[in-house]
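Okay, thanks everyone, let me put this one up on the screen. I'd like to walk through the ligand site and then say a little about helix packing.

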Amino acid sequence: MHTIIEPFRIKAVEPIHFTTREQRELLLKEAHYNTFLLKSDDVLIDLLTDSGTSAMSSDQWAGIMRGDESYAGSPSFFRFEAVVKELTGMPFIIPTHQGRASEKILFSITGGKGKVFISNTLFDTTRANIEFSGAEGIDLVCEEGKHPTIPAPFKGNMDVEALERTIQEKGKEHIAMVIMTVTNNSGGGQPVSMGNIRSVKAICAQNGIPFYIDACRFAENAYFIKIREEEFADKSVESIAQEMFSYADGCTMSAKKDAFANIGGFLALHDKDLAQQCRNLLVITEGFPTYGGLAGRDLEAIAIGLREVLDEHYLQYRIRSMEYLTEKLIKAGVPVMQPAGGHAVYLDAKQFLDHIPVEQYPGQALVCALYITGGVRCVEIGSLMFGKYDDAGKLVPATLELVRLAIPRRVYTQSHIDYVAEVIIEVYKNRKAIPGIRIVEEAPLLRHFTAKMELIR
Ligand code: F0G
């Protein structure tokens, strides 16, 4: 077999900016050791997120020019709606400016005090929108998903027994919905099997609980199902994705991921009344139902991206890129999430920096070290992002202390990835010298975006 190559040529390039280690030490200090507060021009390889950072195709750029900006009834909307309907099989398609806007609208109607949302793992904005409505969010990822360095094919699965137990405990009338995040971003970009989706759907149906999909990375998940779940080996990724959606009452989508768009999202629903209520909110916060916070050109880019992402050469290259980096790190003894996720490589910071206690945020300490050493920007997915305080003000840490290196779609080449591996390995060799982190200022919700921190010397 030949090398799996980038299945595209490059027509437009963006220069990247080089900095020295001394400059980066100063820049990070000025950013209060929070990489969200850095200027992106000061970043060499930006792996902060795979969201909105994709390179669009020539077809998508052509679609941008075709975008029709009519306030109501734009043909761009109808092209977008047709593609989303065909993919999801859902009749009511509501465009939003990004994923969290769909969440906000949906949870404002279905959430509220006393309601419970159950997930494999809720993403940070999803959890925040649930909690902001007054409801509670519960994560029930399967046991394999809690052990980053032990490989298993579907570590994003939901723990089905725990789901049944939780429904009993909380009372089915209090469960607003079950949300399956595919792939499981906060749990390492790990896929969910079709078998698990079917089991969870069956339990939801028995109990009259709506089943939703957080669909940001549906195509990557569908590809994993194809290569890891025997029944699907000969099915097209498109038909696998359609089957995933066929079990859902609705989905929220951030088009900034698997639709290769720089902005956008949607809510797709089966329930007409719920769709009407959502549209009523949409008009107040996002816009008229045929554009919902987007320009006509964005709707075109999403419609085209949703078709392109189902190309199996692309998905093979995409999944292989994560494996390639993961394999290099394993070879060097670096504790890394196994197997590789669909959109990112996750370092196990607890093991990587085992001299730093969780109260000193080993994940964030590692994020800082990677930036200082190589100008690589990534994000902590651990106790800085998900930690809470108990009544005594003591940190209740997250289950995992991960550092995510999210790979933007169609943006970086193999030599960029080789460089990233070198930087991580260099940091690993010098890990004992890395200090812990202390928070000096933080917000009550989503604190990781704005927290100010310092190094513990
Ligand atoms: N759900 C999941 C699983 C996500 O990963 C994200 C965003 C959202 C919902 C919200 O979508 O950003 O369009 O509002 N994840 C990005 C990330 C930000 O970096 O993982 P959004």
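So, which atom of the ligand does a polar side-chain atom of Lys257 lie 3.0 Å from? It's a nitrogen atom. Keep in mind as we go that this is a predicted model.

Staying with polar contacts, the ligand also has oxygen atoms to look at. For Gln98, a side-chain N or O atom sits 2.9 Å from a ligand oxygen. For Asn185, the side chain again puts an N or O atom by a ligand oxygen, here at 2.8 Å. As for how covered the ligand is: on its own it has 470 Å² of accessible area, and the protein covers 94% of that.

Now, who's in the shell? There are 18 residues around the ligand, and the ones that come nearest are Thr49, Arg100, Asp214, Ser254 and Lys257. Sorted by class, you get nine polar residues, seven charged and two nonpolar.

What about secondary structure? Two or more shell residues come from each of α4, residues 99-110, and α5, residues 124-132. Of the elements, α4 gives the most, with three residues.

Since α4 came up, let's follow that helix away from the ligand. It packs with α10, residues 272-285, with the axes 9 Å apart and an angle of about 125°. The angle is neither in the perpendicular range nor over 145°, so we call α4 and α10 oblique to each other. And the handedness of that crossing, left or right? For α4 and α10 it's right-handed.

That's my tour, happy to rotate the view.

Key
Residues numbered from 1 in each chain as written. Predicted model: local features only at pLDDT ≥ 70, side-chain atom pairs only at ≥ 80, totals over all residues. Heavy atoms only, no water. Near = heavy atom within 4 Å. Polar contact = N/O pair within 3.5 Å; in protein donor to acceptor, adjacent residues only side chain to side chain. Areas by Shrake-Rupley, 256 points an atom, 1.4 Å probe, with all protein chains shown as cover. Helix = DSSP H or I, 4+ residues; strand = E, 2+ residues; numbered from the N terminus. Nonpolar A, V, L, I, M, F, W, Y, C, P; charged D, E, K, R; others polar. Axes fitted to C-alpha atoms, helices over the stretch in contact; angles between N-to-C directions. Parallel < 35°, antiparallel > 145°, perpendicular 65-115°, else oblique. Left-handed = near helix turned anticlockwise from the far one by under 90°.
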